Each structure stands twice: as C-alpha cells, then as structure tokens.
Amino acid sequence: MAYEASSCGFVLSDEAEALGIKCRVLAPTKMEKSVEQRQHKNDDRDANDVLEKLRGHVLAGNRLPTVWVPDLETRDDRELIRTRLDLTEKQTQIKAQIRMLIKRHGLEKPSGLGAGWTIGYRRWLQALTESEQLLGWSTRQALDSLLRQLQCLEAEIDRVQKPLEELANEPRHKPIIEELRQEAGVGLLTAMVYRTEIGQAGRFGRGRQVGKFVGLTPTSHESGQQSDRKGHISRQGPPRLRKVLCQASWVHIVHDARAGRIYQRLVSRNPKKKKIALVAVMRRLAVRMWHRMRKIELQQVRA
C-alpha cells in the first residue's frame, strides 16, 4: 500500500507494517501532475494517482517518490525541538505586534534605552500601560495583554530549554551535536534541528543530495534546444531547517573566513542579489554539517 505524506505523521505506516503490509509513504512534492490535475484536485483523483504510481511500481518496477520514514525515537525527539521553535516564532510575532501597536499611536522608543528588548525598554512599555495621557484605556489593556503573553512565552521557552539540553546530552546525540557545533554560527538549537531533521546522514550519498533535501538547490527549466534556465530554490524539505540555517549563516559569514569570501565575491558580482549569496552560504553550511555528522556516524559503526 502507499499514501501521501502529511502533517498527520506516520501512524498509518506503522499500523500497516504491524499487520505485515508493506507500506510506502510518498512525497507530495514529487508527485508529477498535469495542469489539468492541479486545476481539478480532489481526494478521488489523488487516490487514483497514488494507485497508478503503486501499480507501476509493482508491475513494471517504476520508482516510487518515497520519503524517509524516521524511527519512533527520532520522531519523539522532533516533537520537543519543533515545540521549541514554535515558541520562538510565537515570541517573535508578539514582539512585532507590540511594536506595531506602539507605532500606530505615534509613539517612538525613547533614546538611551539601548538596542533590542532591553530592561529599560520593557519598563517603558510597562509604564505605557498605566499612562492615561499617551494611550487610551482599550489600547492600554491590549498592550498589557501582549506584554503578559510575551512574559509567559519567555518563561515557557526557559522551561523547554532544560529538557532540550538534556536531550542533546543523550549518548545518541552528544557526539554529533558537539561535532556540529564546531561550525561557526551553529549553536545548540541549530545543531539539534539539523540532527533530528536529517535523522541519519548515511541515507545521503553525497552533499548535493543534502542541498536538494533542504530545498536550497535552484529549480531548472529545459525543453528541446532551449538552454537550461535556473529559477528560484525549490524550497522542498523542512522549512524549519532552512530557517535555522539562515540564522546560523549570518554568523557563519562573519566568523568563517572562506564563507565570508564566498559571500563577498557573489555580492560583488551583483549587489542586488545578496539573497542568492546567502543561499549559497546556507547550502555550503548544510553540506559541511552533513560531512561532520557522517564522520561521527562512521566512527560509531566502527566502534
């Protein structure tokens, strides 16, 4: 049997395998569909498409666009890491809402409070919730609510951080995490996201496959005698992994001499395409981390 992967996980695959049914989970992004199929999409058509793919695989040996099914332990580890990332994303959203609320009422951050969310800046925001001259009653209540939400999220992040560090110190993770953190810009969270999303470095034969999995390789369009035109990156694979790689790459550019030269060389060709230069550094960092992870895996096998 076969079915398309979704956010529901791999429970159906587990149940099928437990019953002795050989199950394959297919990647929706790799299911080729015509323009008509994309314009008239429904469950029945999708089911027939999966059936045809499976029939071609069983009877003719056609390749199935399957995804890697992680073991239960890896799936369990991912839940904690993804929760930690989700909390950070919510924290960022709340901070943006607070800034916009202040901006809508013509208020600006006083000078001398420093950059970012300093203690002085937070005290100023809290004082606004009690200032009847600067803000109306409803706006003060809204700001107070947002500040309470921010405080709760920050406290929850602190609570989740401890079990995250304990997980990173588990024998199955610790050697790999320590090796990954040798790369400039790669912290504990980035290393754990990479470790759990990749799962097993050995499932990739070379670095190019890693770049493709992360979704950092350009799309292409080639037909007949037309030259191969490169487009935007595919953005396939886990978006959370691209996000942490992006954040790590900015630090990596500063502290890794070769990465800095690569970035500056690409930017010098076209200053308007800094994003392309950053993507190149992200892809390089992802491959370097894969080499490090693969090295530890091989050492563990030999031991």
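**Exercise 1.** In this predicted model, work out which classes of residue make up the lining of the largest pocket, and where along the chain this lining comes from.

*Solution.* Begin with the classes: the lining of the largest pocket holds 13 nonpolar and 13 charged residues, together with 8 polar ones. Next, look for the elements that take part, and you will find that α4 (72-104), α9 (207-214) and α10 (239-255) each contribute at least two lining residues. Then consider the space itself, which amounts to about 1,300 Å³. Finally, turn to the centre of this pocket, where V67, W68, F213, G237 and P238 are the closest of the 34 residues that line it.

**Exercise 2.** Describe the second largest pocket by its volume, its central residues and the element that gives the most to its lining.

*Solution.* The volume of the second largest pocket is about 570 Å³. Of its 18 lining residues, those closest to the centre are H232, I233, K275, I276 and V279. At least two lining residues come from each of β4 (229-233), α10 and α12 (274-302), and α12 gives the most, with 7 residues. Sorted by class, the lining of this second pocket has 10 nonpolar, 6 charged and 2 polar residues.

**Exercise 3.** Place both pockets in the setting of the whole chain by finding its secondary structure, its span and its share of buried residues.

*Solution.* Counting the elements first, the chain has 12 helices and 4 strands. Its C-alpha trace spans about 75 × 50 × 50 Å along the principal axes. With buried taken as under 20% relative accessible area, such residues make up 37% of the 303 in the chain.

Terms used. Residues numbered from 1 in each chain as written. Predicted model: local features only at pLDDT ≥ 70, side-chain atom pairs only at ≥ 80, totals over all residues. Heavy atoms only, no water. 1 Å grid on protein atoms, 1.4 Å probe; cavity = no way out; pocket = protein on both sides within 12 Å on 5 of 7 lines; lining within 4 Å. Points joined across faces, edges and corners; volume = space filled by probe spheres on them. Nonpolar A, V, L, I, M, F, W, Y, C, P; charged D, E, K, R; others polar. Buried < 20%, exposed > 50% of the residue type's maximum accessible area, 1.4 Å probe, protein only.
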